Amino acid sequence: MSLYVKIKKSYADFTLEAEFEAQNETMALLGASGCGKSVTLRCIAGITKPDEGLIVSNGVTLFDSRKGVNLSPQKRRVGLLFQNYALFPNMTVEGNIMAVLSKRGGGRNRREKFISLAKKYYIEGLENHYPAQLSGGQQQRVAIARIMASDPSLIMLDEPLSALDSYLRWQLEDELARTLDGFPGDALYVSHNRDEVQRLCDRVCVIDRGLFEKVRPTRELFESPETLASALLSGCKNYSRVQRLTDGRVRAADWNVDLECAKPVGHDISHIGVRAHYVSIISEKEPACGWENAANRVNKFPCRVLRVIEDVFSTIVNVCPLGSDPELDFSRIRAELPKGAIGAAEEGNIVEAVIKPCDIMPLRALGHQR
C-alpha cells in the first residue's frame, strides 16, 4: 500500500505546493490553521481539483494533469472523515451507513455487514437515531463506520477530535487508535495538535504556509526539528534570531547574549530554539533547578523575572535577559521547572538563566527546503 502526492493549487492569496509519500502507515499532516492541510485532503479525495500534479494511491492514478486523468470521488476508494463528520441529517444511523453499503451491492449481505460495523464501532442500539440525537462521540463512530462501509484503500481524517469536549477526547482517541492500527492501508491524519500526532502517527509532514517539509519519523521531529515552523509546531517555546560567530558560538540577537552551540550552525540557520524544560534558573536564595553538575553551566546570563506561574504540575518562570526589550515577544524566555523548585524567584528579581549547548536547536526559517 502506498500514496504519492505531488500537486499545486493556487488561490488569490495562497499557493499550496504539496509533495509527500506514505507507505502503509498513519502519517500526519501537521500545520497551523490555514496552512493547506484540508485543501490537500480535498484534492486527494477528488472534491477539489489541483491546478497541476500527480496523485497515485496503491498503484491507481487518481489525478494526473499531464495525462488528463481526474477520477471522480466515487471511483477513488478514499474515505474522508470531515471535521464536522458530515452525516446526512435526514437519515438515521442505519440509513447513513446503508446508503453507502447499497452502492456496493451485495443484496442480503448488506444487512450482515451493517450489523458487523455497528458492533465493531459500538453503535448498536442507535440504529434508529438521527445525527441530531447523537453525542459528538457517537457521531464520530457513525461517521467512521460509514467510511469503512465503503471499503476504502485510503482513509483521511481532518481534525477528528477537535469538535469534542476534552473529557471525551481520551476515550475516542483510544478508539481511533485501534481503528488506525487495524486498517490495512494508508491513513492521513490532519491536525494542528502536536500531542495527538505524537501519540497516533508513525511519521509526520510539517506544512508551513502551503509549503511541505520533508516527511520525518514523528519522534525525530520532536527531538530535533530543523526549521522554525517545525519547532513551533512541536511545542518549543523559546526562540531568538541569531548571527553566526566563531568556534561554535552564536549571537542570540533577541536575547542580547552570546551562546555556545554544540550542533553545527550552517549558513542557512536564521534562528535558535530552546525547549522550556531545558532552561534552568538560578536565584540568589535557590540552587540551580534541574542541574546536578556545575560543569554543565556553560551558557549562563542574567535575567529579570517577568512572571512566576504555579501550574498544576510545574512552576513556569518567564524571564527577560538584561539588555533586551521585554516588550518584544522573542526576548522573553520561558522555563518550566519542577513544582515549587524556584520559590525564591519573584517578579522583578534578577536571576540567571542556564542553557546547555547541546540543548540549543539551530533552525532554518524556510519550511520548504528539502
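Two strands count as paired here if DSSP finds at least two bridges between them, and that idea is useful from the start of this tour, which moves through a predicted model.

**First stop: strands 17, 18, 19 and 21**

Select strand 18, residues 299-310, and then strand 21, residues 350-355. Strand 18 and strand 21 pair in the antiparallel sense over six bridges, and one of the residue pairs to look for is Asn299 with its bridge partner Ile355 in strand 21. Now add strand 19, residues 314-321, which pairs with strand 18 in the antiparallel sense over seven bridges. Within this pairing, Ile309 has Ile316 of strand 19 as its bridge partner, and the connection from strand 18 to strand 19 is a hairpin that passes through three residues.

Next, colour strand 17, residues 279-282, which pairs with strand 21 in the antiparallel sense over four bridges. Here Ile281 is matched with Ala353, its bridge partner in strand 21. In a regular strand the side chains alternate between the two faces of the sheet. With the side chains of strand 17 shown, Val279 and Ile281 point one way while Ser280 and Ile282 point the other way, and all of them are buried.

**Second stop: Phe301**

Stay with strand 18 and pick out Phe301, which has its place in that strand. Is Phe301 buried or exposed? Phe301 counts as buried because its relative accessibility is 4%, which falls under the 20% cut-off. Leaving aside residues up to four places away in sequence, Phe301 touches Val257, Leu259, Pro321, Ile333, Val351, Glu352, Ala353 and Ile355. For a sense of distance, draw a line from the C-alpha atom of Phe301 to that of Thr218: these residues are 83 apart along the chain, and the two atoms are separated by 33 Å.

**Third stop: the open sheet of five strands**

Val257, one of the residues that Phe301 touches, leads on to another place to look, since Val257 is the bridge partner of Ala252 in strand 15. Strand 14, residues 249-252, and strand 15 pair in the antiparallel sense over four bridges. Both belong to an open sheet of five strands, with antiparallel pairing and the order 15-14-13-16-22. Strand 15 (257-260) and strand 22 (361-364) stand at the edges with a single partner strand each, so one side of each has no neighbour in the sheet. Turning the view along this sheet, one finds that neighbouring strands are turned by 45° against each other on average, direction ignored.

**Fourth stop: helix 2 and Lys113**

Select helix 2, residues 93-104, whose twelve residues reach 18 Å from the first C-alpha to the last, close to the 16 Å expected at 1.5 Å a residue. Which residues of helix 2 are buried? They are Val93, Asn96, Ile97, Met98, Val100 and Leu101, and what covers the buried residues of this helix includes helix 3 (109-120) and helix 4 (136-149).

In helix 3, select Lys113, which is partly exposed, with a relative accessible area of 32%. Lys113 touches Leu101 and Arg104, not counting residues up to four places away in sequence. The C-alpha atoms of Lys113 and Ala149 are separated by 7.9 Å, although these residues are 36 apart along the chain.

**Fifth stop: two nonpolar cores**

In soluble globular proteins, nonpolar side chains tend to be buried together. In this model the largest nonpolar core has 43 residues, among which Ile97, Ile123, Ile155 and Tyr189 touch the most other members. Helix 4 gives the largest share of this core, seven residues. Showing what surrounds Tyr189, one finds contacts that include Met27, Leu157, Pro160, Leu176, Glu196 and Cys201. A second, separate core has 28 residues, including Ala18, Phe20, Cys43 and Phe63.

**Last stop: the cysteines**

Finally, display the cysteine sulfurs. How many disulfides are there? With a disulfide taken as a pair of cysteine sulfur atoms within 2.5 Å, the count comes to zero. Cys205 is in no disulfide, and the nearest cysteine sulfur, that of Cys35, is 9.7 Å away; Cys205 is also buried, with a relative accessible area of 0%. Cys261 is likewise in no disulfide, and the nearest cysteine sulfur to it, that of Cys358, is 9.7 Å away, while Cys261 is buried with a relative accessible area of 8%.

Conventions
Residues numbered from 1 in each chain as written. Predicted model: local features only at pLDDT ≥ 70, side-chain atom pairs only at ≥ 80, totals over all residues. Heavy atoms only, no water. Buried < 20%, exposed > 50% of the residue type's maximum accessible area, 1.4 Å probe, protein only. Helix = DSSP H or I, 4+ residues; strand = E, 2+ residues; numbered from the N terminus. Expected span 1.5 Å × (residues − 1). Contact = heavy atoms within 4.5 Å. Axes fitted to C-alpha atoms, helices over the stretch in contact; angles between N-to-C directions. Core = buried A, V, L, I, M, F, W, Y, C linked by side-chain atoms within 4.5 Å.
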